[in-house]
Amino acid sequence: MRERQTERQRRSAREFEAFVAGAGGRLLHAATLLTGEPPEHNDRARRLLTAALARTYAHWDPERGEDPYDRTRQELAARFASTAWRHHRHRDRATGVLARLTPQERLVLVLRLYEGVAEEQVAALIGLPSERVRVICTRAIATMRSGPAGPRHPAPRATAEGVS
């Protein structure tokens, strides 16, 4: 009995290693986008992904039929959301492509556009109404389209008629 359990554990470990080898790069990229770090200096993203993968491995049971990628992505999003205040504090030092966005905007944008998760699923995952997720995504896209040098919230302009 013990030998069969040990063989099952080894097979399970090999399957998990194969999963990480196949999906690790994409998951790391998603984590890097979430943290707003540049790819060459993504220490927080690596820690975030390692924690998410550890949790996935702790619940790894390929016989249940769960999608390990989906489970890891959910864990990654949940861990990011629960620690977003730390990432927001470092936002001024972040130089990644999504660094100008708030952590919530990055989370919604990465899940919706990079990962292709449906709006309703994102809403359920982060505990917001679908309409709010749609607004956050639209605002994040507008911020990204405004150009790299543009301010996040432009100051009102003074004109001869008053403030506009």
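This short talk walks through the core of the structure above, two pairs of packed helices, and one loop residue.

Before I start, please keep in mind that this is a predicted model, in which local features need pLDDT of at least 70, side-chain atom pairs count only at pLDDT 80 or more, and totals for chains, interfaces and linings use all residues. Residues are numbered from 1 along each chain as its sequence is written, and side-chain values use heavy atoms, with hydrogens and water left out.

Let me begin with the core. The largest nonpolar core has 34 residues, and Phe-19, Leu-27 and Leu-76 are the ones that touch the most other members. By a nonpolar core I mean a set of buried Ala, Val, Leu, Ile, Met, Phe, Trp, Tyr and Cys residues joined through side-chain atoms within 4.5 Å, where buried is under 20% relative accessible area, exposed is over 50%, and partly exposed lies in between, using a 1.4 Å probe and protein chains only. Two or more residues of this core come from each of α1 (2–35), α2 (43–58), α3 (68–82), α5 (103–114), α6 and α7, and α1 gives the largest share, with 9 residues. These helices are DSSP runs of H or I with at least four residues, numbered from the N terminus.

Leu-27 deserves a second look, since leaving aside neighbours within four places in sequence, Leu-27 is in contact (heavy atoms within 4.5 Å) with Phe-19, Leu-49, Leu-53, Tyr-69, Thr-72, Arg-73 and Leu-76.

Now to the other end of the chain, where α6 and α7 pack at an angle of about 105°, with their axes 8 Å apart. Axes here are lines fitted to C-alpha atoms, for helices over the stretch in contact, and angles run from 0 to 180 degrees between N-to-C directions. That makes α6 roughly perpendicular to α7, because angles of 65 to 115 degrees count as roughly perpendicular, under 35 as roughly parallel, over 145 as roughly antiparallel, and the rest as oblique. On the α6 side, Glu-119, Glu-120, Val-122, Ala-123 and Ile-126 meet Ser-130, Val-133 and Arg-134 of α7.

For α2 and α3, the axes come within 9 Å and cross at roughly 130°, which makes α2 oblique to α3.

Where, finally, does Leu-128 sit? Leu-128 is in the loop between α6 (119–126) and α7 (130–145), and this residue is partly exposed, with a relative accessible area of 23%. Apart from neighbours within four places in sequence, Leu-128 is in contact with Gln-104, Ala-123, Val-133 and Ile-136.
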